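I pulled this one up to see how its pieces pack together. These are my entries, in the order I looked things up.

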Amino acid sequence: MASPLLHPYPPGPHLPRAKPASHQPARLKWTTCRRRRRRHHLRCVAASAATVQRELLMLPGPRTDQSPSPASPPNLLDRMPERSTAIPAPSAGNLFDEEPLTIDRITGGRRPHDGAPEGGEKSRSAAVVALAHAGKHAEVVKLFCRMQGEGLPVSRFVLPSVFRACVGLRDSRLLRAVHGLVIKCVLCQHVVVGTALVNAYVDFGSVDDARKAFDEISEANVVSWSVIIGGYARSSRWGEVWEAFCAMQRSGVLPNVSVLVMAVQASGALGCLIRGKQTHTMAVVLGFERNATAWNCLIDMYGKCGDMNSCRRVFDTTISRDQVSWNTIISSYVRLGLYEEALDMIVQMQECGFTIDRFTLGSGVAACAHLADIDSGRAFHGYLIRRSLDTDVIRGSALVDMYGKCGDMELARLVFDRMDERNYVTWDSLLSGYVENGLVDSALDIFRQMESANIKPNQHTFVNLLRLCGDRRYKEYGRQIHCHAIKVIKQMNVVLETELIDMYAKCGCIEVSQLLFLRMNERNLISWNTLLSGYVGDGQPVATINIYRQMELACVSPDHYTLAGLLNLCRFQGLLHYGRQIHARLIKTGSEMNVVLQTLLVHMYFKCRRWRDAHNVCTLITERNFHVYQAFFKVYGDEYLI
């Protein structure tokens, strides 16, 4: 009697036999008939997989008698186990776990031969799908290789399972081999096979190979576009995410929620407000107003683009606000420097019935740190203590950083000592607090304790120590830290190298600063300004002007800090000719209304005894502060009345 496993399709209406496929590859045209047939095949394969798994759990045991007994009518009670109170009957899940799914169980121990009927191919395909659903990736690959060795044709229903098995086994070479077989069989144009192949390459991180496989798909649908755009987003290639999103629109495929969310994230990461507004309009047109994920991403996008009014407007019009919505708007306020508004939003969040989680606490503590609001910081600290969360490494590090920026290093050290676990962020936060408050001995003591605790200092740690040595003119300590950084760090970044230049320049070693500047692999505007300020502080006008000219030759545009350094040089050295040139550049670039540069111009003209020019600049100053008043008293003397 034939086993039911040999018949993969469930009983149903008789289908006409398909004509044999020609050897010439045909272009896939998804007509209505083929779509119905494809959906019918997929339902048949799914039903076959379910039938296979159901029958595997009900396979009869081997017969012990030698002579076959006459056939008896089937009885439903024959397959039921005998009732026993001592040993409970195993459930279907236990049977499946005790007898793992293998090729021999699926095929019944039979090996097909060259003259196998057509039903063998269908049963093998159903077996591959069943193994893939069970997570038996090695068995899937083994059965697929056996099918190819026996000359069975490649089925487009089997290939997605094989791709999934390659990803599960983390075998990229096998995936490329199967890809070659797909190209040989002209199945790359098939939308299901092509999408599964693109997804497999994305899982391996080979986004370029995924794009090549995507280009072979004849008629990509929304799932195909979602997979390739998701691959770009996973690799943080936001520019290509936007390009693929635009290509999807040109092809006439409407985006779903996931694709639109990735486009919004790309707009925020690129800082392009215009693109973000376009995606916002598309979300409204497509009717995604009630989707909380899309609206939360819009809030984050407007916050990253700096448009806080639109960010708040989207938040106010959100239909279904959740915890993520509140955390996103609060973090946007903190990111844009609106710290008081962020604390107000935390209060409103609690009034609306939402609880404070770790993301809210992180934003709140950061806002208190920037405001130096120690009272609000203590309120957050008390909230953490009541919930026994103050000893957590993440929250504790935030509290240490907050107390350090507020100037209360005793509480910062108390929180540090109470922590159950400390990482390099915790140590670095305490060290930064000592550096910002000018506690040299405590900072160096913490650095020694870091080494004793086997905490490897990073580049930010050395930047803090070098800044401290530069401000205090500790040249010997600075040299020791420089030597230690060379031993620990393989490749210094531009921030650490710039801090070394600044430290040596402040300690009077301008030649060492110039040598370090020439040895830099990468220079930015801050590096040029640091060296120029070093020459200004050392009183070398000719070298300072040469550095400024080299900046222009290197196509580095000077900013306000550069021009302020040059005006200081002209002020201290009495260089009226260069000062007038800088003044002309300020007028040309539209920077003459900067209050800092105006104040320096007044001091420079006063030093050079150009009273009328100093008076003309004073008439342009609209802002008043201590430095402006000091410049006015120099020009007008006691006759100036506030």
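**Helix 11 and what surrounds it**

I started just past helix 11, where Gly-252 follows with a positive phi, near 90°. Note to self: this is a predicted model.

I then checked the length of helix 11. Its 13 residues at 1.5 Å each should span 18 Å, and I get 19 Å between the end C-alpha atoms, so the two agree.

Next I asked which residues of helix 11 are buried. I noted Val-241, Trp-242, Ala-244, Phe-245, Ala-247 and Met-248. Their cover includes helix 10, helix 12 (257–270) and helix 13 (273–285).

I took helix 10 from that list and looked at the pair. Helix 10 (residues 222–234) and helix 11 (residues 238–250) have axes that come within 8 Å and cross at roughly 165°. Angles over 145 degrees count as roughly antiparallel, so helix 10 is roughly antiparallel to helix 11. The crossing of the two is left-handed.

I listed the contact residues too. Helix 10 puts in Val-222, Trp-225, Ile-229, Tyr-232 and Ala-233, and helix 11 answers with Trp-238, Glu-240, Val-241, Ala-244, Phe-245, Ala-247 and Met-248. By class I get 11 nonpolar, no polar and one charged.

**The whole chain**

I stepped back for the totals. The secondary structure comes to 34 helices and zero strands. Of the 642 residues, 42% count as buried. I also looked at contacts with a separation of 6 or more: residues 24 or more positions apart account for 61% of them.

**Helix 20 with helix 21**

I went on to another pair. Helix 20 (residues 393–406) packs with helix 21 (residues 409–418) at about 165°, and the axes are 8 Å apart. That angle makes helix 20 roughly antiparallel to helix 21. I logged the crossing as left-handed.

On the helix 20 side I found Gly-396, Leu-399, Val-400, Tyr-403 and Gly-404 in the contact; on the helix 21 side, Met-409, Leu-411, Ala-412, Val-415 and Phe-416. The class count is eight nonpolar, two polar and no charged residues.

**Helix 28 and its partners**

I ran the length check here as well. The 14 residues of helix 28, at 1.5 Å a residue, should span 20 Å, and the end C-alpha atoms are 20 Å apart, which agrees.

For burial in helix 28, I wrote down Ser-527, Trp-528, Asn-529, Thr-530, Leu-531, Leu-532, Gly-534, Tyr-535 and Val-536. What do these buried residues pack against? I found helix 26 (494–506), helix 27, helix 29 (541–553) and helix 30 (560–573).

I picked helix 27 to follow up. Helix 27 (residues 510–518) meets helix 28 (residues 525–538) at an angle of about 160°, with the axes 10 Å apart. So helix 27 is roughly antiparallel to helix 28, and their crossing is left-handed.

The contact uses Ile-510, Ser-513, Gln-514 and Phe-517 from helix 27, plus Ser-527, Trp-528, Leu-531, Gly-534, Tyr-535 and Asp-538 from helix 28. I sorted these into five nonpolar, four polar and one charged.

I also looked just after helix 28, where Gly-539 takes a positive phi of about 75°.

**Two single residues**

I looked up Ala-292, which lies in helix 14 (residues 292–304). Is Ala-292 buried or exposed? Its relative accessible area is 19%, and buried means under 20%, so Ala-292 is buried.

Leaving out residues up to four places away in sequence, I found Ala-292 touching Ser-320 and Asp-322. I also took one C-alpha distance: Ala-292 and Val-324, 32 residues apart along the chain, are separated by 8.9 Å.

My last lookup was His-583, found in helix 31 (residues 576–589). Its relative accessible area is 15%, so His-583 is buried too. What does His-583 touch, not counting residues up to four places away in sequence? I noted Leu-601, Tyr-605 and Val-617.

Technical notes: Residues are numbered from 1 along each chain as its sequence is written. This is a predicted model: local features need pLDDT of at least 70, side-chain atom pairs count only at pLDDT 80 or more; totals for chains, interfaces and linings use all residues. Side-chain values use heavy atoms; hydrogens and water are left out. Axes are lines fitted to C-alpha atoms, for helices over the stretch in contact, and angles run from 0 to 180 degrees between N-to-C directions. Helices (H or I, at least four residues) and strands (E, at least two) are DSSP runs, numbered from the N terminus. Angles under 35 degrees count as roughly parallel, over 145 as roughly antiparallel, 65 to 115 as roughly perpendicular and the rest as oblique. A crossing is left-handed if the near helix is turned anticlockwise from the far one by less than a right angle, and right-handed if clockwise. Contact means heavy atoms within 4.5 Å. Ala, Val, Leu, Ile, Met, Phe, Trp, Tyr, Cys and Pro count as nonpolar, Asp, Glu, Lys and Arg as charged, and the others, Gly among them, as polar. Buried means under 20% relative accessible area, exposed over 50%, partly exposed in between (1.4 Å probe, protein chains only). The expected span of a helix is 1.5 Å times one less than its number of residues.
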